[in-house]
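User: I'd like to learn how to read a protein structure, feature by feature. Could you walk me through this one?

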Amino acid sequence: MTLSRLPVILDGDPGLDDAIAWLLALASPELDVLGITAVHGNVDLGKTLWNTGVVLALARQSVPYYAGADRPLVRGELTAANVHGQTGLPAQFLPEAEQTPEEQHAVNFIGRTVRSRPGEVTIIATGPLTTLALAFRIAPDLPDLVKEVVWMGGSTGQGNRTPAAEFNALADPHAARIVFGSGVKLRMVGLNVTMGCIATPERVKALQNLGNAAGQVSAEMLTAYADMYRQRYGLSGGALHDPLAVAAAIQPDLLNWQDMRVDVETQEGLNFGRTVCDLYGSTQHANARVAVGVNDAAFFNLLLQRLATLP
């Protein structure tokens, strides 16, 4: 029996947890990675684009990749180099990128790919949604042709970059608002679930013990930001934010989902960038399926098993 593979585009801003998420995607036979699009975010676009090539070299896979948006639609650029390091990938002995980016812009790649396979392509987004928002604005019919967007971003509760806002939402709230208002089928994997998926010292050790480059680099990167999570949140390690979004595309039943209305606050002030989630159904028109629970142990076992298959 032939495995039916889900065609996906990976869109993100690596960043250490994006890198681990993409390793999971590249190692998973359920997914057919059609291309990768890099966007501004954790570090600037030049670095996220370079890091995309590094991740592909680490996985020893050849997938076309493209430069996306280099800045937010309206607000000033926001980065998280204090968390991810100045390069975005805080690890030694990383391979050199072996591929170069494609000349076509990511917006055009997304449009062309989705149109060539209407209703088939899932976009797994693990960074600011700028590139996707641009694609939807240029071609307003495109959201109806996408199978689904799975986004790591937002929260039903508190933020992490500000008390109200999660980083990916805050980095371009205007773009997030466009995507949530586009009518695209959308699932949101937010802080309310990802902060329950922690790379504890035992889990970091398990990744290290895989004995391959992917496990070693993943363990090193997770160690690099564990201190910040311990000091700021009182947790035993860093959260596996972006890998959970990829896992949600591979095995949706790892998470519990609730249909709800989600709006994004774009007015400057205390709630700028907040994903306003209608948890109790006070409005009638849901526009997203929002993750509200996760089987953390099963998720980490999936991550460990898949990364074990990489070089």
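Analyst: We'll go through the cores, the empty spaces, one helix, the cysteines and a few backbone oddities. Keep in mind that this is a predicted model.

User: Let's start inside. Which residues of the largest nonpolar core touch the most other members?

Analyst: A nonpolar core is a set of buried nonpolar residues joined through their side chains. Here the largest one has 65 residues, and Val189, Leu222 and Leu255 touch the most other members. Helix 1, residues 16-26, gives the most to this core, with 9 residues.

User: Can we zoom in on one of those? What does Leu255 touch?

Analyst: Leaving out residues up to four places away in sequence, Leu255 touches Val189, Val193, Leu244, Ala248, Ala291, Gly293 and Val294. You'll recognise Val189 from the list of residues that touch the most core members. Apart from this core there's another one of 36 residues, including Ile9, Val184, Met260 and Ala288.

User: Now the empty spaces. How many cavities of 30 Å³ or more turn up?

Analyst: A cavity is a space where a probe fits but cannot get out. A search of the whole structure gives 1 cavity of 30 Å³ or more, and the largest cavity holds about 30 Å³ of space.

User: Which residues line the largest cavity?

Analyst: Its lining is made of Ala19, Val54, Val55, Leu58, Leu89, Leu94 and Met221. Sort them by type and you get 7 nonpolar, no polar and no charged. Helix 2, residues 45-59, supplies the largest share of that lining, with 3 residues.

User: And pockets? How much space lies in the largest pocket?

Analyst: A pocket, unlike a cavity, is an open set of points. The largest pocket has about 280 Å³ of space. It is lined by 22 residues, and Asn42, Ala80, His84, Asn160 and Phe167 are the closest to its centre. Elements giving two or more residues to this lining are helix 1, helix 3 (81-84), helix 6 (167-171), helix 11 (226-233) and helix 12 (241-250). Helix 11 gives the most, with 4 residues. By type, the lining of the largest pocket divides into 8 nonpolar, 7 polar and 7 charged.

User: What about the second largest pocket: which residues line it?

Analyst: That one has about 210 Å³ of space. Lining it are Ser155, Gln158, Gly159, Asn160, Thr162, Pro163, Leu191, Asn192, Met195, Arg232 and Tyr233. Helix 8 (191-194) and helix 11 are the elements that give two or more residues to the lining of the second largest pocket. The split there is 4 nonpolar, 6 polar and 1 charged. Asn160 also appeared among the residues closest to the centre of the largest pocket.

User: How do I read a helix for burial? Is helix 7 mostly covered or mostly open?

Analyst: Count its buried residues, meaning those under 20% relative accessible area. Helix 7, residues 173-180, is mostly covered, since 7 of its 8 residues are buried. Those are Pro173, His174, Ala175, Ala176, Ile178, Val179 and Phe180. They pack against helix 5 (130-138), strand 5 (148-152), helix 6, strand 6 (186-189), strand 10 (262-264) and strand 12 (288-294).

User: Next, cysteines. Why is Cys197 not bonded to Cys277?

Analyst: For a disulfide, the two sulfur atoms must be within 2.5 Å. The sulfur of Cys197 is 17 Å from the closest cysteine sulfur, in Cys277, so they're too far apart for a bond. The disulfide count comes to 0. Both cysteines are buried: Cys197 has a relative accessible area of 0%, and Cys277 has 15%.

User: Last one, the backbone. What counts as unusual?

Analyst: Most residues other than glycine have a negative phi, and most peptide bonds are trans. Against that background, look at the cis peptide bond joining Pro14 and Gly15, with omega of about -10°. Gly15 sits in the loop between strand 1 (6-12) and helix 1.

User: Which residues have a positive phi without being glycine?

Analyst: Arg60 is one of them, with a phi of about 55°. You'll find Arg60 in the loop between helix 2 and strand 3 (65-67), and at 70% relative accessibility it counts as exposed. Phe93 is another, with phi near 60°. Phe93 lies in the loop between helix 3 and helix 4 (106-116), and Phe93 is exposed too, with a relative accessible area of 77%.

Key:
Residues numbered from 1 in each chain as written. Predicted model: local features only at pLDDT ≥ 70, side-chain atom pairs only at ≥ 80, totals over all residues. Heavy atoms only, no water. Core = buried A, V, L, I, M, F, W, Y, C linked by side-chain atoms within 4.5 Å. Buried < 20%, exposed > 50% of the residue type's maximum accessible area, 1.4 Å probe, protein only. Contact = heavy atoms within 4.5 Å. 1 Å grid on protein atoms, 1.4 Å probe; cavity = no way out; pocket = protein on both sides within 12 Å on 5 of 7 lines; lining within 4 Å. Points joined across faces, edges and corners; volume = space filled by probe spheres on them. Nonpolar A, V, L, I, M, F, W, Y, C, P; charged D, E, K, R; others polar.
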